[in-house]
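Colleague: I have just opened this one and would like to understand the words people use for it. Could you walk me through the reasoning?

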Amino acid sequence: MELHITPALALLREHHLLDHVSNLTDFTATSVSYDSRKVQPGTLFFCKGNFQPQYLASARENGAIAYVAEKEHPEGGDIPAIIVRDEQKAMALLGAAFYGYPQNDLFIIAITGTKGKTTTAYFADHILAKSTDKHIALFSTLDRVLGNQPGDKFKSDLTTPESLDLFHDMRVAVNNGMTHLVMEVSSQAYKKNRIYGLKYNVGIFLNISPDHIGRNEHPTFADYLHCKEQLLVNSEICLINAETANFTDVYYTAKATTQPENIYLFARRGAKVKLPAGVEVDFEYRNDLEDLHESEFELAALTDRAKKLQLDNRYTTSVPGDYNEGNAVAAIIASGLAGAKTADAVATLDHVHIRGRMEMINSQHHGTIYVDYAHNYASLKRLLAFLKRQTNAGKVTVVLGATGDKGISRRSGFGKALTEEQPDEVILTTDDPGYEDPMKIAREIDSYIDHDKVSNIQFEMDRETAIKMAIDESQNDDIVVLAGKGEDPYQKIKGQDTPYPTDVKIAQDYIDQLEK
Ligand SMILES: CC(=O)N[C@H]1[C@@H](OP(=O)(O)OP(=O)(O)OC[C@H]2O[C@@H](n3ccc(=O)[nH]c3=O)[C@H](O)[C@@H]2O)O[C@H](CO)[C@@H](O)[C@@H]1O[C@H](C)C(=O)N[C@@H](C)C(=O)N[C@H](CCC(=O)O)C(=O)O
Ligand SMILES: Nc1ncnc2c1ncn2[C@@H]1O[C@H](COP(=O)(O)OP(=O)(O)OP(=O)(O)O)[C@@H](O)[C@H]1O
């Protein structure tokens, strides 16, 4: 891989990003990096984010051949300085060019939404693994999978990687023979222009509700919505959940750049959807059976173009929860648009397992324990509403805390969801308190709970003890929900990722100990 200065400057000019160049020489970069510690001779270095000038000095020492920045830095010495109007945009464009536009060799399904991205991504990944004979790459919050060898799979640090990492990983996937990619797209990725210029074959918009609003994330809900909608602007085919909040706004954003015949809508049968005149729902689904272990639903095409995909069928998913039916439907349709057949979905959706999403631990005498990543109002509300509908379920106990230093609105959100859904017992505990006092966070959540509706509330700041308390107090048909942490093997405390065994391990070990 390489990038010559002439096409690099032409690309930046074309996008109106080039301000000026100093110390111009003829060079070809043989590496690109935004991290001075990874610079090697021949690297084009990007000064981005919380950049410190000394990083540029050390990049030069390590052999940087030129740098891209929003202003000149004396530490750059006499190497070429490419001064741009937007560093992140420039980095994304030059990154794609350096890695030879790997996106052109992939059918890309991109997924956004406040909730359900990871679940939908795993559903689509399973369907497409079958239909493409495992030529499918996955960029998710949990894992990044670039091929089928053991070394091609690793844990993700970000939901949507930094642009240079994104295009690098796409290139590796293409070189590994992958033909399709399923990727989650976070609103931050648009905010930070990590995916500037990237186009998708199919873009899925699942839902939106207030989240990720605050310091270091989005200043307002409008900004959050705007960032999420950029996914549709960049998609050749748009697939939208007609039940999403802000639907009209979302639909017209899609329509601004996509012909209406390439915008597909789906909704649950009977859902109250408000569509603009002349716009129809293309697919509807209806639940046939839901229980605590799986969901069975029927998908039906309503419009002629939807019928052409031949996806009408009854499907079973192994991840319970009515909201996961919507996620599965999105995955089935998107995969169908990528060439998968209904049989590929039927054969795969009933054995998808996603770490930290409705992970179920069965016990003989202490009910069923669910570990679920529900960590805001929308997800906790949907989860508890689903569990409440299971008529054979006994007492429901919820163990949860809220993160410190960010997502402050989640505290009132939890209080609201608990008040509305009224579990029998709540144990407030610790969940990534950061620099805050977990007891203070717990008291704040408690202050938003209506105690006339939910009266059995306990405080136990040691999460392991809280989980054991919930299990001790449950029996037979009872349900214990361990919410918020999902599969995290750490607690974020005072800037450190403090090792934590995971909710699943604690619960499973304790059940094993109680029932051996
Ligand atoms: C606010 C934000 O987007 N921050 C991201 C950003 O940080 P940054 O650019 O400021 O980088 P930094 O780590 O402070 O360092 C500054 C620069 O100096 C460089 N450096 C640093 C040290 C050194 O010795 N030499 C050197 O060159 C670094 O490589 C970097 O280029 O770029 C980093 C990667 O280069 C990310 O890890 C970091 O994400 C932080 C950790 C983060 O938590 N981001 C969250 C908010 C996020 O993006 N989340 C979304 C999901 C949430 C959603 O759904 O919206 C996600 O996509 O994961
Ligand atoms: N469509 C949905 N609507 C509401 N809640 C959902 C939906 N899908 C999943 N959830 C809930 O949200 C939690 C997180 O799901 P998932 O990881 O699929 O979403 P995500 O969009 O990737 O989340 P995040 O951005 O927080 O990583 C699940 O554990 C579940 O409780």
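Modeller: Gladly; we will take the two ligands, then the cysteines, then a valine, and please keep in mind that this is a predicted model.

Colleague: Let's begin with ligand 2. What makes K115 one of the closest residues to ligand 2, and how many residues surround the ligand?

Modeller: The shell around ligand 2 has 18 residues, and the closest are K115, T118, T119, R357 and D372. For K115, an N or O atom of the side chain is 2.7 Å from an oxygen atom of ligand 2.

Colleague: Why is that pair called a polar contact?

Modeller: A polar contact needs a pair of N or O atoms within 3.5 Å. The K115 pair, at 2.7 Å, meets that cut-off, so the name applies. R357 also has a polar side-chain atom 2.7 Å from an oxygen atom of ligand 2. The side chain of H375 has an N or O atom 3.0 Å from a ligand 2 oxygen. Taken alone, ligand 2 exposes 620 Å², and the protein buries 95% of that.

Colleague: Why is ligand 2 said to lie between two domains?

Modeller: Because domain 2 (102–351) and domain 3 (359–515) both give residues to the shell around ligand 2.

Colleague: And which helices supply at least two residues of that shell?

Modeller: Those are helix 4 (117–131), helix 10 (322–337) and helix 12 (377–389). Helix 4 gives the largest share, three residues. By class, the shell around ligand 2 holds three nonpolar, nine polar and six charged residues.

Colleague: Now ligand 1. Which residues are the closest to ligand 1?

Modeller: They are S36, K48, T159, S186 and R194, from a shell of 20 residues. That shell divides into five nonpolar, nine polar and six charged residues.

Colleague: How do you know that E162 makes a polar contact with ligand 1?

Modeller: An N or O atom in the E162 side chain is 3.5 Å from an oxygen atom of ligand 1. The cut-off is within 3.5 Å, so the E162 pair counts. For K48, a side-chain N or O atom is 2.5 Å from a ligand 1 oxygen. T160 takes part through a polar backbone atom, 3.2 Å from an oxygen of ligand 1. Taken alone, ligand 1 exposes 1,100 Å², of which the protein buries 72%.

Colleague: What places ligand 1 between domains?

Modeller: Domain 1 (3–98) and domain 2 (102–351) both give residues to the shell around ligand 1, so ligand 1 lies between them.

Colleague: On to the cysteines. Why do C227 and C238 not form a disulfide?

Modeller: A disulfide is a covalent bond between the sulfur atoms of two cysteines. The rule asks for sulfur atoms within 2.5 Å. The sulfur of C227 is 17 Å from the closest cysteine sulfur, in C238, so the two are too far apart for a bond. Seen from C238, the closest cysteine sulfur is that of C227, again 17 Å away. The count of disulfides is therefore zero.

Colleague: Are those cysteines buried or exposed?

Modeller: Buried means under 20% relative accessible area. C227 has 4%, so C227 is buried. C238 is at 0% and also counts as buried.

Colleague: Last one: why is V426 called buried?

Modeller: Because its relative accessibility is 0%, and the limit is under 20%. V426 lies in strand 22 (residues 425–428). V426 and A466 are 40 residues apart in sequence, with their C-alpha atoms 10.0 Å apart in space.

Terms used
Residues are numbered from 1 along each chain as its sequence is written. Chains are lettered from A and ligands numbered from 1 in the order in which they are written. This is a predicted model: local features need pLDDT of at least 70, side-chain atom pairs count only at pLDDT 80 or more; totals for chains, interfaces and linings use all residues. Side-chain values use heavy atoms; hydrogens and water are left out. A residue is near a molecule or strand if one of its heavy atoms lies within 4 Å of it. A polar contact is a pair of N or O atoms within 3.5 Å; within protein, one must be able to donate a hydrogen and the other to accept it, and residues adjacent in sequence count only if both atoms are side-chain atoms. Accessible areas come from the Shrake-Rupley method with a 1.4 Å probe; for residues, only the protein chains shown count as cover. Helices (H or I, at least four residues) and strands (E, at least two) are DSSP runs, numbered from the N terminus. Ala, Val, Leu, Ile, Met, Phe, Trp, Tyr, Cys and Pro count as nonpolar, Asp, Glu, Lys and Arg as charged, and the others, Gly among them, as polar. Domain bounds come from an automatic or database domain assignment. Buried means under 20% relative accessible area, exposed over 50%, partly exposed in between (1.4 Å probe, protein chains only).
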